[in-house]
Amino acid sequence: MMQNKVKWSQIALILLLIVPGGKYLSLPAALAQQVGKDSWIVIAVLLLLDAICLAMTIKAAVINKHNLSFNSVLTNTVGAVPSKVIYVIFFVLLQMRIITLMASVYKLFAATFTIRSSWVGFWLPISAFCLLVVAKGFKTIARLNQLLSVLVMFSLVSILIYPATQLDVRNLLPLPQSDFATILQGTFNSTFWFADYMFLFFVLDSICPSRHPYVSVMSGFGVGAVLTVLMNVLFIALYGPLAPYTDLAMSKVSQFALALNTNGRLDWLSLSVWTTSVFIKLALFTFSAYKCLQFLIGNKQLKFNYWIGAIVVVFSLTPLFLSSDKLLKYMLPYTVYPFCVVQYVLPLFLPLLVKIANNKHDKRIVEKLNLSEVAANE
Amino acid sequence: MNRGKKILILLGCGALLIFLSLSFSGQDISARAIVLGLGVDWDEQTKQYLITAEIVSPGGGSDQQVGTFSKLVDGRGDTMSHALSDIYAQTGRKSSLGQCQILLLGESMYKNTDLLQCLSYFSLSEAFKDSSSVCCTVGEANALMNTQLPLSGSISMTLVELLKDAGKLVAVPSTTLNKFMQSQMVLTRSGVLSVIEYVENKDIQQSDNAGDSQKPQGTYKCNTVAVFKDNRFVTALDDTQSLAYTLLATDCIGQIYTVKDDHDNEYNPQLISAVVTDNSCDISVEQQGDKLNVTFTIDAEVHSLANGYHGKEGIFFPKWTETMTDGMLQQVKDSIFAQIEEYFKAQQQYNFDIVNIYKAYEIKYGASDQPIQQRLPMENIVIDVKVNVTEN
């Protein structure tokens with residue numbers, strides 16, 4: 001499954017799509033409830049943090065000369081037990097992200113297109129899609145992303161460009177509305193929705209070397225980040241004090257799109273195309289969760305394991321018992337701390353961990369060579 | 001892959017297909033009542049909302065009149081959702097509000113009730129477009145929706161075109177649901193809604209044909225606005241005050257002023273009409289002690305109104321030949337001053353702010369937890385207006 005490698009340019013395109021993807025559903029309204037009109041500042045700060053951590057992750061991948069997997073790096077540096085704790089945290093984080101995203105998309109279809117189904121009927125095709133692409137390998141996700149990126153970006157721009165002509169910039173003023181402490185608290189509470197680069201940890205050993213990985217990847221991320229901030233600015237400028245009372249930002253903002261008022265709801269078409277970026281994000285998170293579980297139980301086979309895949313997707317049935325809103329409400333206040341560690345602290349130390357692991361790998365190679373020489377002499 | 005596995009996979013796909021198609025409950029288009037426009041009235045006796053919905057009714061069959069594509073359906077209820085459910089009960093079709101473009105509020109409704117009860121339903125709805133127009137009617141919304149222009153069919157489409165497309169060029173302000181709801185939530189919680197009045201044309205002969213020709217035909221007057229504060233009706237501005245409002249707070253053009261022609265040419269008419277072809281208003285505030293000095297600077301471009309000339313044509317269009325003297329421009333300026341004076345009298349009397357004075361104050365001096373009118377009472381505001389009129 002992991003035999004095929006991906007290029008840095010493909011990683012850049014993935015980031016371009018998934019950074020804005022999914023952050024224009026329930027997140028803007030949730031942020032507006034916490035920090036009001038300054039939610040775009042919170043997003044900008046978090047994306048800046050993401051950029052720093054992404055740069056460190058790229059660095060780790062670049063210096064990973066022996067193509068060690070994430071599991072090897074952690075096991076050879078922090079040890080087996082702490083590694084498993086890290087995987088558990090990652091697994092819980094990824095499952096919560098998957099459930100939240102799926103619930104938002106479900107609501108988007110129900111509210112915008114008046115299409116309602118049972119959760120199982122909604123979960124089945126999405127899980128089947130995610131498992132299929134995971135089984136095919138990360139390169140499949142990257143190729144799929146490449147194929148859809150132009151369409152998705154075009155639909156995103158077409159949704160946003162006309163509303164941008166109708167926004168009232170005065171809704172953003174005065175700047176900032178909240179005090180620094182509120183913005184800081186809002187930033188900390190919102191870390192759950194960010195750090196989309198996490199999937200890179202699980203493909204550390206599957207990236208083709210490139211001369212300028214930083215340029216392509218940071219550019220892709222940068223464009224995605226700027227779009228995300230602008231989307232939120234647009235939402236606040238359009239809705240002002242109404243922002244905390246809305247739910248799905250994309251559904252609301254797209255209503256203003258394309259001067260459609262007398263020409264029908266063409267925004268629904270663009271919305272449908274844009275939603276594919278959310279599905280790609282779901283596939284990435286499923287892939288990452290799969291790798292976590294694989295490392296956790298010590299499965300080393302390269303072929304796709306259906307049992308592990310089934311366990312990964314079955315967690316998405318949680319909304320049958322507990323709504324995603326309640327899940328976040330009850331779990332997030334406690335899990336935000338360990339999540340922050342794996343999202344933001346781990347990447348900062350990852351280059352160091354990779355270097356140590358590679359050095360240890362070098363030493364083992366030298367020892368093996370020495371042993372084989374001694375054996376040969378004898 | 002052996003034959004047995006292939007058959008199992010095919011059976012599995014078939015079962016999945018059946019299960020998924022049963023599981024999704026999308027609505028067939030024919031089972032939906034696609035609403036083009038809504039009128040809301042208030043029945044003071046029963047304390048219920050009366051909703052009039054213009055619903056798409058596609059013409060079919062040779063006995064149907066060409067162009068007839070909408071019907072009006074009424075619903076009653078204690079709340080908006082109740083009234084819409086009543087329409088469902090009557091028609092057997094669920095109202096689909098995604099195509100609704102206009103919301104008309106009847107006089108009984110906006111003068112007697114809190115608008116929040118009605119408008120919040122639409123504002124919070126994911127399906128209803130926040131960019132839909134909202135306006136008030138003189139009289140009942142139901143009565144207005146049962147009228148039509150001589151040259152058009154759907155009342156909702158007619159009014160939407162009037163308010164949105166023509167609005168910017170003939171000094172007819174319009175507002176959307178989103179903007180109005182926001183205006184009722186911030187600062188002085190003041191906002192405006194356009195007022196539409198139906199003027200019946202008694203000269204038009206009623207046709208013998210069945211169908212929409214039986215509806216009263218006339219025109220719609222919508223050059224005034226009604227002011228609302230905290231979702232309650234305050235006052236309706238007259239023509240003069242409304243024109244001043246459009247100059248001070250909107251980018252509407254098309255305001256018309258009658259001036260005496262002072263050219264030395266006996267063939268020129270004595271009175272001509274000058275139309276505003278471009279308008280911008282800048283507001284600056286300066287606090288001095290507990291007083292706030294507010295200066296409105298209006299820069300208006302005018303031109304004599306000629307047939308075929310409708311207004312702003314953009315920066316790439318050539319300038320027209322000048323037709324107005326300095327004296328005529330001064331007359332326009334004096335008229336604008338007089339209008340603005342009338343407007344500010346009403347503002348002072350009814351204590352509202354729809355020209356963004358408090359917004360400008362907040363932008364310059366920052367927000368506060370204290371309500372804005374406690375921080376700066378209206379009587380502490382000193383207003384100065386500067387008007388520059390040039391010819392386009």
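Q: In which loop of chain B is the place of B:Asn351?
A: In this predicted model, B:Asn351 has a positive phi of about 60° although it is not a glycine. Its relative accessible area is 30%, so B:Asn351 counts as partly exposed. As for its place in chain B, B:Asn351 belongs to the loop between α9 (326-350) and α10.

Q: What is the value near which phi of B:Lys47 lies?
A: B:Lys47 sits in the loop between β1 and β2 (48-56) of chain B, and with a relative accessible area of 44% this lysine is partly exposed. B:Lys47 is a residue other than glycine, yet its phi is positive, with a value near 55°.

Q: Is B:Lys359 buried or exposed?
A: B:Lys359 lies in helix α10 (residues 357-365) of chain B. Not counting residues up to four places away in sequence, B:Lys359 touches A:Lys37, A:Arg170 and A:Leu173 of chain A, together with B:Leu187 of chain B. Its relative accessible area is 12%, and because buried means under 20%, B:Lys359 is classed as buried.

Q: Which residue of chain A is in contact with B:Met181?
A: B:Met181 is found in helix α7 (residues 177-183) of chain B, where its relative accessible area of 5% makes it buried. Leaving aside neighbours within four places in sequence, its contacts in chain B are B:Leu116, B:Leu119, B:Ser120 and B:Ser123. The contact that B:Met181 makes in chain A is with A:Leu242.

Q: What distance separates the C-alpha atoms of B:Met181 and B:Gly14?
A: B:Met181, in helix α7 of chain B, and B:Gly14 are 167 residues apart along the chain. In space, the separation between their C-alpha atoms is 49 Å.

Q: How many residues apart are A:Lys23 and A:Asp196, which form a salt bridge?
A: The closest N and O atoms of A:Lys23 and A:Asp196 are 2.3 Å apart, and the two residues form a salt bridge. The pair links distant parts of the chain, with A:Lys23 in the loop between α1 (8-18) and α2 (27-35) and A:Asp196 in the loop between α8 (180-189) and α9 (213-239) of chain A. Both partners are buried, and along the chain their separation is 173 residues.

Q: Which residues are linked with A:Lys23 and A:Asp196 in a network of salt bridges?
A: Side chains of opposite charge can pair when their charged atoms come close. A:Lys23 and A:Asp196 form such a salt bridge, and the network that contains them also takes in A:Arg97 and A:Lys281.

Q: Which helix of chain A holds A:Lys107, the salt-bridge partner of A:Asp247?
A: The side chains of A:Asp247 and A:Lys107 meet in a salt bridge at 3.2 Å, N to O. The pair links distant parts of the chain, 140 residues apart, with A:Asp247 in the loop between α9 and α10 (249-253) of chain A. A:Asp247 is partly exposed at 25% relative accessibility, and A:Lys107 is also partly exposed, at 27%. The helix that holds A:Lys107 is α5 (residues 80-112).

Q: Which strand of chain B holds B:Arg76, the salt-bridge partner of B:Asp43?
A: B:Asp43 and B:Arg76 form a salt bridge in which the closest N and O atoms are 3.1 Å apart. The two residues are 33 residues apart along the chain, with B:Asp43 in strand β1 (residues 32-43) of chain B. B:Asp43 is buried, at 17% relative accessible area, whereas B:Arg76 counts as partly exposed at 34%. The strand that holds B:Arg76 is β3 (residues 70-77).

Q: Which element gives the largest share of the nonpolar patch?
A: A nonpolar surface patch of about 820 Å² includes A:Val45, A:Leu48, A:Phe349 and A:Ile356 among its residues. The elements that give two or more residues to this patch are α3 (39-62) and α13 of chain A. One of the patch residues, A:Ile356, is in helix α13 and is partly exposed at 33% relative accessibility. The largest share, six residues, comes from α13(A).

Q: What is the relative accessible area of A:Lys368?
A: A:Lys368 forms a positive surface patch with A:Lys360, A:Lys363 and A:Arg364. Its place is in helix α13 (residues 324-377) of chain A. A:Lys368 is classed as exposed, because exposed means over 50% and its relative accessible area is 62%.

How values were computed. Residues numbered from 1 in each chain as written. Chains lettered and ligands numbered in written order. Predicted model: local features only at pLDDT ≥ 70, side-chain atom pairs only at ≥ 80, totals over all residues. Heavy atoms only, no water. Patch = residues over 30% accessible without salt bridge, like charges linked within 9 Å, V, L, I, M, F, W, Y side chains within 5 Å. Areas by Shrake-Rupley, 256 points an atom, 1.4 Å probe, with all protein chains shown as cover. Salt bridge = Lys/Arg side-chain N within 4 Å of Asp/Glu carboxyl O. Lys, Arg positive; Asp, Glu negative; His and termini not counted. Charge placed at Lys NZ, Arg CZ, Asp CG, Glu CD. Helix = DSSP H or I, 4+ residues; strand = E, 2+ residues; numbered from the N terminus. Buried < 20%, exposed > 50% of the residue type's maximum accessible area, 1.4 Å probe, protein only. Contact = heavy atoms within 4.5 Å.
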